[in-house]
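Q: Please take one part of this model and examine it closely, residue by residue, then follow the connections that lead outward from it. A single continuous account would be preferred to a list.

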Amino acid sequence: MTNIVRNGAQSRNDGFQSIAILTFEWMPKPNLIIIHGYAETGYIFKHLIEPLSQKYKVWIPELPGFGITKAPVAHSMEAYSKWLAEFMEGNDIEKAHVAGHSLGGYIAARFAVLYPLQIDK
């Protein structure tokens, strides 16, 4: 699995494309996953990465079928929640704060119901 770094952001070429600030600090930061809305990409959150990375390790995944990702999963909150759980597992994220905009907010809420042990606080 190869990591590609561009302009301080990280993307993985294992089928999950995401933006994450690379952090090097003594104490690990809690994970924060931000999910974009319908017909958008994670790029809309680019201005949030730097300020949020002061406190969190920020992950902004592209939903399947949006941006540069592969064909979409079934369009249901359960399917997107499962995809998010797989994204977390694939990136070794045990727990995270999860937030979203528009469709991303619905996905975050459903994910919290279906996968409560993966939600940080």
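**A buried threonine and the strands and helix around it**

A: With a relative accessibility of 16%, T69 counts as buried, because the cut-off for that class is under 20%. The model is a predicted one, and the description below should be read accordingly. T69 belongs to the loop that connects β5 and α2. Its side chain makes two polar contacts with the backbone. One is to L63, whose backbone oxygen lies 2.8 Å from a polar atom of the T69 side chain. The other is to G65, whose backbone nitrogen is reached by the side chain of T69, also at 2.8 Å.

The strand at the start of this loop is β5, which comprises residues 57–61 and is mostly covered, four of its five residues being buried. β5 pairs with β4 in the parallel sense, and the pairing extends over three bridges. Within that pairing, K57 of β5 is the bridge partner of N31. Between the two strands the chain passes through helix α1, residues 46–52, and the resulting β-α-β crossover from β4 to β5 is right-handed.

The bridge to K57 leads to N31 itself, which is a residue of strand β4. N31 counts as buried because its relative accessibility is 15%, against a cut-off of under 20%. A polar atom of its side chain lies 3.3 Å from the backbone oxygen of K95. Apart from neighbours within four places in sequence, the residues in contact with N31 are K57, W59, I93, K95, A96 and H97.

The burial of N31 is shared along its strand: five of the five residues of β4 are buried. In a regular strand, side chains alternate between the two faces of the sheet. In β4 both faces are covered, with N31, I33 and I35 buried on one side and L32 and I34 buried on the other. β4 also runs parallel to β6, to which it is joined by four bridges. In this second pairing I34 stands opposite A99 of β6.

Helix α3 packs against this region. Its buried residues are L103, G104, I107, A108 and F111. Viewed down the axis of α3, these buried residues fall within an arc of 135°, so they line one face of the helix. That set of buried residues packs against β4 (31–35), α2 (77–90) and β6 (97–100). On the other side of α3, Y106 and V113 are exposed. The length of α3 can be checked as well: its twelve residues, 103–114, should span 16 Å at 1.5 Å a residue, and the separation of the end C-alpha atoms is 16 Å, which agrees.

The segment after α3 contains P116. P116 has a relative accessible area of 48% and is therefore partly exposed, since exposed would require over 50%. The C-alpha atom of P116 is 9.4 Å from that of K95, although 21 residues separate the two along the chain. K95 is the residue whose backbone oxygen lies 3.3 Å from the side chain of N31, and the account thus returns to β4, the strand in which N31 lies.

Methods: Residues are numbered from 1 along each chain as its sequence is written. This is a predicted model: local features need pLDDT of at least 70, side-chain atom pairs count only at pLDDT 80 or more; totals for chains, interfaces and linings use all residues. Side-chain values use heavy atoms; hydrogens and water are left out. The expected span of a helix is 1.5 Å times one less than its number of residues. Buried means under 20% relative accessible area, exposed over 50%, partly exposed in between (1.4 Å probe, protein chains only). The arc is that of the directions from the helix axis to the C-beta atoms. Contact means heavy atoms within 4.5 Å. Two strands pair if DSSP finds at least two bridges between them. A crossover is right-handed if, with the strands pointing away from the viewer, the path from the first strand over the helix to the second runs clockwise. A polar contact is a pair of N or O atoms within 3.5 Å; within protein, one must be able to donate a hydrogen and the other to accept it, and residues adjacent in sequence count only if both atoms are side-chain atoms.
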